[in-house]
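Work through the exercises below with the sequence and the model open. Each task is followed by a solution in steps.

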Amino acid sequence: LRRACPSRLIREQINTITEDYQAIARAQQQRMERQDRYIARKNHHLNVLYDVATAINQADNLENLLNRFLVTLKGVVQADAVAIRLLDKDGALRLVASLGLDDEVMKRETTILASQCTCGKAFDAKEIRLRTDVSKCEHLIGKVLFEQRNDMEMLAVPLLYRDKTLGIYNIFVSRDRHAYLEDEHELLMSIGRHLGMAIEKASVE
């Protein structure tokens, strides 16, 4: 039998070592990139929560609090419209503030039953719910929410304070924009807890 050339064996071993080193280097690079993305995402979350907390803390009454929050929220999530519903004494989710929805919508869509539609489901489950087609919302109020737009989606996020759900906030965004927000649900829930705590505090003062 012909023996393998020693120099060839050495080259093969060197190639194997080189390939192993390159694989380790790629894995290390991927870990570093994941860590960088994680840090960047956490910094983004902290910056958003800081902006939200700042807007909330500058308010001197509940109405001002809700309006400041909506302005900040609409900007940081780049939404077409945002709204807040609070649970009233009759068990309905009352629309108390909005930004980006016209006055006629505000008049027509004042209250919905807490058990009704996506907002009620988010309220009951204490977690985010998505409506991929806002036509049902439009049917309930009898008015088109966004003219010449058929790509709008609506997120309903609960407003939590300790073991209570005080209401929900809505984000209306395009389908493309929501694809980005799908990875931001943890942040949206944190925003809901911040606002819930502020609303509870403002309500008892």
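**Exercise 1.** Is lysine 126 buried, partly exposed or exposed?

Solution. The model is predicted, and the values here are computed from it.
Step 1: the relative accessible area of lysine 126 is 37%.
Step 2: buried means under 20% and exposed means over 50%, so lysine 126 is partly exposed.

**Exercise 2.** State the sign of phi for lysine 126 and for glutamine 78, and place both residues in the fold.

Solution.
Step 1: most residues other than glycine have a negative phi.
Step 2: lysine 126 has a positive phi, near 55°. Lysine 126 follows helix 4, in the loop between helix 4 and strand 4 (129-131).
Step 3: glutamine 78 also has a positive phi, near 55°. Glutamine 78 sits in the loop between helix 2 and strand 1. With a relative accessibility of 53%, glutamine 78 is exposed.

**Exercise 3.** Which residues of helix 4 are buried, and how many disulfides are there?

Solution.
Step 1: helix 4 spans residues 117-125, and its buried residues are Cys117, Thr118, Cys119, Gly120, Ala122 and Phe123.
Step 2: the relative accessible area is 9% for cysteine 117 and 4% for cysteine 119.
Step 3: a disulfide needs two cysteine sulfur atoms within 2.5 Å. The cysteine sulfur nearest to that of cysteine 119 belongs to cysteine 117, 5.9 Å away, so by the 2.5 Å cut-off cysteine 119 is in no disulfide.
Step 4: the disulfide count is zero.

**Exercise 4.** Describe the largest nonpolar core, and say which element gives the largest share of this core.

Solution.
Step 1: the largest nonpolar core holds 31 residues. Those with the most contacts inside this core are Phe69, Ile84, Tyr169, Ile171 and Leu188.
Step 2: two or more residues come from each of helix 1 (6-57), helix 2 (62-77), strand 1 (81-87), strand 5 (152-161), strand 6 (164-174) and helix 7 (185-204).
Step 3: helix 7 gives the largest share, seven residues.
Step 4: another core, of 20 residues, lies apart from the largest one. Leu93, Cys119, Cys137 and Met154 are among its members.

**Exercise 5.** Which residues does leucine 188 contact, leaving aside its neighbours within four places in sequence?

Solution.
Step 1: leave out the neighbours within four places of leucine 188.
Step 2: the contacts that remain are Val77, Ile128, Leu155, Val157, Tyr169 and Ile171.
Step 3: check this list against the core. Tyr169 and Ile171, like Leu188, are among the residues with the most contacts inside the largest core.

Key
Residues are numbered from 1 along each chain as its sequence is written. This is a predicted model: local features need pLDDT of at least 70, side-chain atom pairs count only at pLDDT 80 or more; totals for chains, interfaces and linings use all residues. Side-chain values use heavy atoms; hydrogens and water are left out. A nonpolar core is a set of buried Ala, Val, Leu, Ile, Met, Phe, Trp, Tyr and Cys residues joined through side-chain atoms within 4.5 Å. Buried means under 20% relative accessible area, exposed over 50%, partly exposed in between (1.4 Å probe, protein chains only). Helices (H or I, at least four residues) and strands (E, at least two) are DSSP runs, numbered from the N terminus. Contact means heavy atoms within 4.5 Å.
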